[in-house]
Protein chains: 2
Amino acid sequence: MTSGGEKSTGKTITAAVVVIGDEILSGRTKDQNIGVIADHLTAIGIQLREVRIVGDDETEIVEAVNSLRAAHNYVFTTGGIGPTHDDITADSIAAAFGVGIDIDERAVEQMRARYDEDKLTEARLRMARIPHGAELVYNSISMTPGFKLENVIVMAGVPAIMRVMLEAVTPQLERGDKMLSRTIRVMQPEGDVAPGLSAVQGEFDGVAMGSYPFFEKGTLGTNLVLRSTDPDQLEQALKALLARLQEDGLLDHVLLEDEA
Amino acid sequence: MTSGGEKSTGKTITAAVVVIGDEILSGRTKDQNIGVIADHLTAIGIQLREVRIVGDDETEIVEAVNSLRAAHNYVFTTGGIGPTHDDITADSIAAAFGVGIDIDERAVEQMRARYDEDKLTEARLRMARIPHGAELVYNSISMTPGFKLENVIVMAGVPAIMRVMLEAVTPQLERGDKMLSRTIRVMQPEGDVAPGLSAVQGEFDGVAMGSYPFFEKGTLGTNLVLRSTDPDQLEQALKALLARLQEDGLLDHVLLEDEA
């Protein structure tokens with residue numbers, strides 16, 4: 001029984017992300033994709049369980065993808081699918097699966113919507129190299145597709161293009177129960193709210209309770225986050241925690257955030 | 001011989017980062033530490049080679065830390081060292097090294113600078129649990145230290161506190177040659193600059209050349225990034241690439257960024 005109006009599937013679907021690119025590791029480029037993918041997966045009922053950032057190195061990509069695709073329902077990669085010599089993601093994915101890779105006529109056809117025939121240079125056609133057996137993932141911005149091979153979804157690193165690819169592949173993804181969350185913001189240091197949180201956690205097995213300190217304008221505060229796929233249990237836990245904070249004399253310092 | 005005024009050490013020092021926290025994976029909190037650590041390590045001559053984001057789960061933390069500390073000179077962790085039940089980083093690091101963990105009198109002494117004796121509650125003393133054999137990492141903001149055990153540096157997740165801990169541990173870190181970089185910004189799609197870049201890359205073994213597309217105001221452009229620990233080779237490669245771009249009729253579209 002859920003009160004949130006959504007059917008419970010009873011399923012847990014998990015995912016991992018592999019961010020590919022030396023420029024992220026050097027600090028030159030700041031990743032903007034992890035948070036977007038995390039939010040999106042949480043919203044559609046897929047639990048992101050691990051992220052790895054690796055360099056432009058086939059051995060590292062293959063190792064990360066192979067260990068994560070065995071452990072999760074889906075693996076999403078970002079970056080390294082452009083036209084230059086350092087774009088080795090497609091070849092690395094083919095290597096990870098032990099399949100061949102060639103210029104894919106379906107990909108070239110999509111690219112023709114953007115490029116005149118004389119602009120389909122050798123470098124650009126490199127972007128149409130797709131591992132055998134993969135489905136294309138549509139790119140409505142620059143028309144060079146990503147792809148999905150079994151449970152691995154390969155997307156661009158440019159944030160705007162990553163987003164349209166993530167949207168494009170979403171209808172094909174299996175979804176589990178959504179992880180719901182409620183947050184209590186307490187303007188007190190974590191150490192003062194810890195005992196209450198631990199006590200209430202002990203009463204609710206099906207609700208994960210986390211405490212996240214923050215430091216703003218010289219003051220330490222704490223976000224208490226309750227997470228569960230069961231909306232009824234979540235509300236009960238929220239009430240119990242608020243009661244406990246009142247008991248501990250902390251309710252004056254509380255700001256309840258609506259996140260349901 | 002270097003022209004940048006810095007002594008070449010001939011050494012390569014590498015590092016990895018483990019970000020610990022369910023809240024990052026759920027998307028609720030957006031990581032602000034990876035980019036800061038990446039920039040800092042690059043600036044002091046340490047090459048960041050891998051990042052993993054894992055949940056608040058001992059098995060996952062132990063696995064990530066043990067595989068990365070064997071492969072790199074340093075592993076930096078962020079998150080999970082607070083006073084609540086879900087803060088399991090210190091215990092997980094002790095488990096990873098197979099050492100004991102107890103309340104550390106040195107840590108309690110530092111905390112006394114902030115907390116009156118009656119505020120050193122059981123929950124707060126939990127934050128003074130430090131694995132045996134670790135050195136403390138000073139926290140000038142909230143006085144609860146991080147620690148360094150062999151080559152693993154354990155820091156807070158709160159960005160302001162992570163930063164002072166990173167500064168505090170920096171004098172103890174061994175440094176290698178700095179990775180220097182120069183960037184050429186071309187207002188043309190990656191596919192048009194790819195052939196020139198690949199050709200020039202072929203002439204310079206000691207300079208890594210990467211191409212990073214961007215999409216701004218409806219236009220695709222490309223950053224060409226040259227990276228090397230040798231400043232002379234870097235300048236030669238930069239000149240060769242600019243000459244090639246001129247040859248390809250792309251120099252009108254170029255903006256040279258000063259990053260030396």
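B:Val19 is buried, because 24 other C-beta atoms lie within 10 Å of its own, where 20 or more are enough for a residue to count as buried. This residue belongs to strand β1 (residues 14-20) of chain B, in a model that is predicted. Strand β1(B) is in turn one of twelve strands that form an open sheet with members from chain A and chain B, and the points below move from this residue to the sheet, the contact between the chains and the build of chain A.

**Surroundings of B:Val19**

- Leaving aside residues up to four places away in sequence, B:Val19 touches B:Ile24, B:Asp31, B:Asn33, B:Ile34, B:Val51, B:Ile53, B:Thr78 and B:Gly79.
- Among these partners, B:Val51 and B:Ile53 fall within the range of β2 (47-54) of chain B.
- B:Gly221, by contrast, is 202 residues from B:Val19 along the chain, and the C-alpha atoms of the two are separated by 32 Å.

**The sheet**

- The strand order is β6(A)-β7(A)-β8(A)-β3(A)-β1(A)-β2(A)-β2(B)-β1(B)-β3(B)-β8(B)-β7(B)-β6(B), and the pairing is mixed.
- At the edges stand β6 (135-137) of chain A and β6 (135-137) of chain B, each of which pairs on one side only, while the twist from one strand to the next averages 20 degrees.
- Within chain A, strand β7 (residues 146-149) and strand β8 (residues 152-155) pair in the antiparallel sense over three bridges, and A:Leu149 stands opposite A:Val152 in β8(A).
- Helix α4 (residues 89-97) of chain A packs on the sheet, where it touches β1 (14-20), β3 (74-78), β7 and β8 of chain A, and the direction of this helix makes about 170 degrees with that of β8(A).

**The contact between the chains**

- The sheet passes from one chain to the other where strand β2 (residues 47-54) of chain A and β2(B) pair in the antiparallel sense over five bridges; the bridge partner of A:Val51 in β2(B) is B:Ile53.
- Chain B and chain A each bring 54 residues to the contact.
- On the side of chain B that touches chain A, at least two residues come from each of α1 (22-25), α2 (34-44), β2 (47-54), α6 (122-126), α7 (159-169), α8 (190-203), β10 (208-216) and β11 (219-228) of chain B.
- By class, that side of chain B consists of 23 nonpolar, 17 polar and 14 charged residues.

**Relation of the two copies**

- A turn of 180 degrees, with a shift of 0.0 Å along the axis, lays chain B on chain A with an RMSD of 0.0 Å, and that is the relation of a two-fold axis.
- In chain B, the C-alpha nearest the axis is that of B:Arg52, at 2.2 Å from it.
- The same surface serves both copies, since 100% of the contact residues of chain B recur in chain A.

**Build of chain A**

- Chain A has nine helices and twelve strands, and its C-alpha trace spans about 75 × 45 × 30 Å along the principal axes.
- Of the 260 residues in chain A, 48% are buried; among the contacts in this chain with a separation of 6 or more, 68% are between residues 24 or more positions apart.
- Chain A is divided into domain 1 (14-172) and domain 2 (180-257), and the C-alpha centres of these two domains lie 38 Å apart.

Conventions. Residues are numbered from 1 along each chain as its sequence is written. Chains are lettered from A and ligands numbered from 1 in the order in which they are written. This is a predicted model: local features need pLDDT of at least 70, side-chain atom pairs count only at pLDDT 80 or more; totals for chains, interfaces and linings use all residues. Two strands pair if DSSP finds at least two bridges between them. Helices (H or I, at least four residues) and strands (E, at least two) are DSSP runs, numbered from the N terminus. Axes are lines fitted to C-alpha atoms, for helices over the stretch in contact, and angles run from 0 to 180 degrees between N-to-C directions. Two residues are in contact if their C-beta atoms, placed from the backbone, lie within 7 Å. A residue is buried if 20 or more other C-beta atoms lie within 10 Å of its own, exposed if 12 or fewer, and partly exposed in between; C-beta atoms are placed from the backbone. Ala, Val, Leu, Ile, Met, Phe, Trp, Tyr, Cys and Pro count as nonpolar, Asp, Glu, Lys and Arg as charged, and the others, Gly among them, as polar. Copies are superposed by least squares on the C-alpha atoms of residues with pLDDT of at least 70 in both. Domain bounds come from an automatic or database domain assignment.
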